[in-house]
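This briefing goes through a structure by topic. Please look over the sequence and the model before reading on.

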Amino acid sequence: MPGSSRVGGPPGTAIPGAGGEEASARSVIECVDLSKTFVMLDGQSIWRLILGGDSMKGFPALRNATLQVRQGEFLGVLGRNGAGKSTLLRTLGGVYVPSSGTVTVAGLVSAIYELGMAGNELLTGHDFARRWLSLHGTGRRQVGRLMSEIAEFAELGDYFDNPIYTYSAGMKARLFFSAATSLPGQIYLIDEALSVGDEHFQTKCWRRLRERLAAGASGILATHDWTAVLKLCRQGCVLERGRIVDRGSSPAVVQRYLGLPRPRAESAAFAPHLPPVYCALTEEDTTLSIPIDVKVASPVWFACSVESFRQGIGWSHLLQAEPRTVASTPGPYDVEVTIPSLPLSPGEYSLNLFLSERGPEGTFVTLDVRSWAYGNDVTLSVTGKPRESGTILPLRWRALS
Amino acid sequence: MSYHIHVEGVTKRYELATQRPFPRATRPLLRLLGVRHQAARGLDHKMALDGVSFNVTEGERVGVIGENGAGKSTLLHLLAGVASPTSGSIEVDGRVHAALTLGLALREDLTGRENLYLDAEVQGRTRAETDAVIDRMIDFADLGDFIDQPVRTYSSGMKARLAFTSLVFVEPEILLIDEMLSVGDYWFSQKAAQAVRELCSKGRIVMLVSHNLESMVSMCSRCLWLDGGRLVADGDPAQVTAAYRGQVRQRDEAEMAAKFSTLRQDWALDSAVRIKQVTVGSSRRPGPASVLSVGEDAWISVELGVGQGRDDHDLRLWIERLDGLRVTENRWSESSGALGPLAGQVEVVAEMAPMILGPGLYRVQAELLNAGTTVATAGAVFKVVAERNLVGGQPALWVPMDVSCRPRVAAER
């Protein structure tokens, strides 16, 4: 069939463009074998500390953590309370001196530690913001503009001139977030700061982060709020008792972190030889051949979507095929999905595939799935002429005079 | 014995303290100097609560939601007896246990275990009574070896767990909690929800304030929504939180849409070449339109005004969705070579047949390029609507995808 490209490449197909791009991004935060041990003090150990005893009781809050964050990326750090998230951030931010290991941070760091960085609560919001700016070396000329930006963003009204101790927790969080993100293009270390404030302020925080990301900011988000990690971070890791126990693409990490069950793929399943990567050409008619195995004699429904990850927004649906019946008798099948004039720019997309059956009340019961949400999605690698936009709309031009 | 809370027409008015470090006569001068201080203003007051009435009977788990400054914390303060209402009446029957500030009751130098004992004692429990439940408490707090370390070594999440543990095991008759559960992690918040449910099944009352709407739905049997000190909704948590979310989103979107529309910049480097206007319309109806339907044939028209004949021009069109997703970027030259020579009134039309943009608000921007540089630009905003929703999500592009299926022959592998 001329003009159409049949795809379904073998596993391990080389992905053009991807490798080189990643290598060129500069690393802005890097730590190698980072450990932090806190000395536990009790009555006797004070003397041992002074006299220099050898058997100090210590609590290893961070053990041999190695990680790297590239320019323009956010790394998500998940972990339960007390797993060492705050210690990791504070050690990277230079608040704590590491017990061993190295930290390299290339750039200005702006940190929002837990909501407790106020220092002097007798300061007014105004004074706090001014002090924060001067600590970060802001020039006198910029201060005026930035101060009014901070006041406007924090939405504190007249409270901006009142001492911080009169603030509610939400107001404090707004002040800290506004001040800490007032300077663009920095390295942000964010500890739980995105889950505070009301719905309206959270939306504003996300918008601000997206703007900062677009301007080249990078950072680390430490939280137990896994939805925030999915929205902001392509890569994630899990801390447990001070150790990094898991890392990878953030959906896969979240899936393992929560221990979400996967469908059992009993009645119908994607065939074992389903390729992990499909290749396609931009603006060409594209047919994807998806092998499935049906084991029951009842209708099996197929649906699929193409999604892409955008930092600060999360996963966006770009294309979608609604569920439809593909087979009703047991046997091996090939489902063929045809997309006319593939409207995607060159790049890597997530191809999400669903097999389901109709449950009671017209709901769908998933039988098998390949999706980023389960950390097992299939890659759709699109090549062709580079574009500035993510998708391509077919337009037919004509001029009238 | 039945516990209840009866709130009738409660109003709380706060006089805002105004500091007056400067004499009144200096005020205009201060304003001139740009001193932003309340001294420059008159006496002020704030209606934190405005005519709020509701009843809570035993066994209810009541959540209170609302934007910052809506009066949620004030309400809990009044119920706890920390402050008294300006007018109206509050009747609380039952011993109130309030956690208004996270971890305030924890003593930093004592260990977690000692804190639990001390707190129980403050609540009037004997040592023997506490001994009987201490293992269950420690198990619930799930702090591991840290239970025997001083509280000052805890992270904020760990403090929240300890504080919550001491709260629920005291078995208070009426428990008020202000914004503390968002600190605990995923597993702990599930445990906390279960503990609150058990408490209320014994007839106790729990009222909690939180911005975490998901935990509201899972923990509460009823939800109050405060807006500007007034009670605007009272009912099923799922419905009330959905309505609240809807309103916030609507407000934010209206604000964003207003900003989005003003974002379109129309300018030209010199008046000889300019884009007079950009319009969008449907082929089904004559004239421009601001609302299009998914799947209909539509067009974008760019009207150019060119003073003298010019060569080597190109026209670029891009479309951006409200959330910043750049949907497309097209150039005239990609399909039709160079644009020009141009003279007089020229209209360039880009047809979308069919228009496959998904529902949403979009901005189209046209740029006239000369040798690669933008010399004039203009834009328009339009909305796309759909008659129905797609099953399973809202894709950016509604491309009709064909799905077929055929038996796989073994040899094909």
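How many of the residues of strand E6 (residues 174–178) of chain B are buried? In this predicted model, 5 of the 5 residues of E6(B) are buried, so that the strand is mostly covered. The points below take up chain A, the contact between the chains, and then two parts of chain B.

**Chain A overall**

- Chain A holds 9 helices and 20 strands.
- Of the 401 residues in chain A, 41% are buried.
- When contacts in chain A between residues at least 6 apart in sequence are considered, 75% of them join residues at least 24 apart.

**Contact between chains A and B**

- On the chain A side 65 residues are in contact with chain B, where 68 residues take part.
- Two helices of chain A, H6 (169–180) and H7 (199–214), each give at least two residues to the side that touches chain B. Strands E14 (300–310), E15 (314–327), E16 (331–339) and E20 (396–400) of chain A each do likewise.
- E15(A) provides the largest share of this side, with 11 residues.
- Sorted by class, the side of chain A that touches chain B has 28 nonpolar, 22 polar and 15 charged residues.
- Strand pairing also links the chains: E16(A) and strand E19 (residues 402–407) of chain B run antiparallel and are joined by 6 bridges.
- Within E19(B), B:Ser404 is the residue opposite A:Glu336.

**Strand E6 of chain B and the strands it pairs with**

- E6(B) is covered on both faces. One side carries B:Ile174, B:Leu176 and B:Asp178, the other B:Leu175 and B:Ile177, and all of these are buried.
- Strand E5 (residues 96–99) of chain B pairs with E6(B) in the parallel sense, over 4 bridges. Here B:Ile177 of E6(B) has B:Ala99 opposite.
- Strand E7 (residues 205–209) of chain B also pairs with E6(B) in the parallel sense, over 5 bridges. B:Asp178 has B:Val209 in E7(B) as its bridge partner.

**Helices H3 and H4 of chain B**

- Helix H3 (residues 112–122) and helix H4 (residues 127–141) of chain B have axes that come within 11 Å and cross at roughly 130°.
- The two helices are therefore oblique to each other, and their crossing is right-handed.
- From H3(B), B:Gly112, B:Arg113, B:Leu116, B:Tyr117 and B:Ala120 take part in the contact. They meet B:Thr130, B:Ile134, B:Met137, B:Ile138 and B:Ala141 of H4(B).
- By class, this contact of H3(B) with H4(B) has 7 nonpolar, 2 polar and 1 charged residues.

Methods:
Residues are numbered from 1 along each chain as its sequence is written. Chains are lettered from A and ligands numbered from 1 in the order in which they are written. This is a predicted model: local features need pLDDT of at least 70, side-chain atom pairs count only at pLDDT 80 or more; totals for chains, interfaces and linings use all residues. A residue is buried if 20 or more other C-beta atoms lie within 10 Å of its own, exposed if 12 or fewer, and partly exposed in between; C-beta atoms are placed from the backbone. Two residues are in contact if their C-beta atoms, placed from the backbone, lie within 7 Å. Ala, Val, Leu, Ile, Met, Phe, Trp, Tyr, Cys and Pro count as nonpolar, Asp, Glu, Lys and Arg as charged, and the others, Gly among them, as polar. Two strands pair if DSSP finds at least two bridges between them. Axes are lines fitted to C-alpha atoms, for helices over the stretch in contact, and angles run from 0 to 180 degrees between N-to-C directions. Angles under 35 degrees count as roughly parallel, over 145 as roughly antiparallel, 65 to 115 as roughly perpendicular and the rest as oblique. A crossing is left-handed if the near helix is turned anticlockwise from the far one by less than a right angle, and right-handed if clockwise.
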